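Colleague: I have a model open and some basic questions about it. Can we go through them one by one?

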Amino acid sequence: MGDEAALPDPIHPNWVWRTIRFTLRIVFGFWMKYRARGYERLPDGGALFLINHQSFLDPLLVGLPLQRPVSFLARDNLFKVPIVGWIIRNTYVMPIRRDAASTDALREAGKRIEHGLYVGIFPEGTRSSDGELGQLKPGFIALVRRCKSPVVPIGIAGANEVMPRGAIFPRPRRVHVVFGEAIAWEDLEPLCRKGREADLVALASGRIKAAHAEAEAWRLNG
């Protein structure tokens, strides 16, 4: 983990990210009829993205329409894989160690948000088996408390059909993504107090479900 001086530029992405984004916009647009909306109202500074988890493609689907980079978490052993390791090191991915997930990863994610970056996490903790939002794990609460930043609920629809569990190659299915309205820190702060964790989980879950429902309706109805 680097110090603050080593943190990436939160506004201007590097050439690796720009190249991948340009390429995938063409590929996903053709293969998945990919569409996204709501991202034009994202906060100017750092923010935490809370996203429903449908497939391994989800980080790409969220970052695709954005001019700014998004940092996600990935297992630290992936950073040692040839080619894959180089790509994720150069696309703002943060390593997470299984034996220190609640310390190093939380600290680094918090630093990046405070630095002005977008950080995306999947609070379900695992991919959905049926495409619907599962129960949120409360681990994200510590990050919300630490950063005191806006939280953006994001709904992905159709990714579970493109790349369901066990699939090796993406299938040609329609995918839509909706960026919900950001929840301001002023609205989050009362729910971050001790004893109100369940209320914060309920709020986050409700907002993600709403974004997912909007994305699903948009995907099905055109």
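Modeller: Start with K33, which is partly exposed, with a relative accessible area of 39%. Buried means under 20% relative accessible area, exposed over 50%, and partly exposed in between, with a 1.4 Å probe and protein chains only. This is a predicted model, where local features need pLDDT of at least 70, side-chain atom pairs count only at pLDDT 80 or more, and totals for chains, interfaces and linings use all residues. Residues are numbered from 1 along each chain as its sequence is written, and side-chain values use heavy atoms, with hydrogens and water left out.

Colleague: Where is K33 found?

Modeller: Helices (H or I, at least four residues) and strands (E, at least two) are DSSP runs, numbered from the N terminus. K33 belongs to neither of the two elements beside it: it is in the loop between α1 (15-31) and β1 (35-37).

Colleague: What is the phi of K33?

Modeller: Most residues other than glycine have a negative phi. K33 is not glycine, yet its phi is positive, near 50°.

Colleague: Is Y92 buried or exposed?

Modeller: Y92 lies in the loop between α3 (84-89) and β5. Its phi is also positive, near 70°. With a relative accessible area of 7%, Y92 is buried.

Colleague: Which residues is S71 in contact with, leaving aside its neighbours within four places in sequence?

Modeller: S71 sits in strand β3. It is buried, with a relative accessible area of 0%. Contact means heavy atoms within 4.5 Å. By that rule, the partners of S71 are Y92, M94, R112, L117, Y118, V119 and G120.

Colleague: How many Å apart in space are S71 and R112, C-alpha to C-alpha?

Modeller: In sequence, S71 and R112 are 41 residues apart. R112 is one of the buried residues of α4. From C-alpha to C-alpha, the distance between S71 and R112 is 8.1 Å.

Colleague: What span should helix α4 have?

Modeller: The expected span of a helix is 1.5 Å times one less than its number of residues. Helix α4 has 12 residues, 104-115. Its end C-alpha atoms are 16 Å apart, which agrees with the expected 16 Å.

Colleague: What covers the buried residues of α4?

Modeller: The buried residues of α4 are A105, E108, A109, G110, R112 and I113. Their cover includes β2 (47-51), β3 (70-71), β4 (73-75), β5 (94-96), β6 (118-121) and α5 (140-147).

Colleague: Which residue takes a positive phi just after α8?

Modeller: Helix α8 has 25 residues, 197-221, and its end C-alpha atoms are 36 Å apart, in agreement with the expected 36 Å. Its buried residues include L200, A204, I208 and W218. Just after α8, a phi of about 80° is taken by G222.

Colleague: What is the radius of gyration of the protein?

Modeller: The protein has 8 helices and 8 strands. The globule rule is 2.2 Å times the number of residues to the power 0.38, and the radius is taken over C-alpha atoms. For 222 residues the rule gives 17 Å, and the protein is close to it, so it is as compact as a globular protein of that length: its radius of gyration is 17 Å.

Colleague: Of contacts between residues at least 6 apart in sequence, what percentage join residues at least 24 apart?

Modeller: Buried residues make up 48% of the 222 residues. Among the contacts you ask about, the share joining residues at least 24 apart is 77%.
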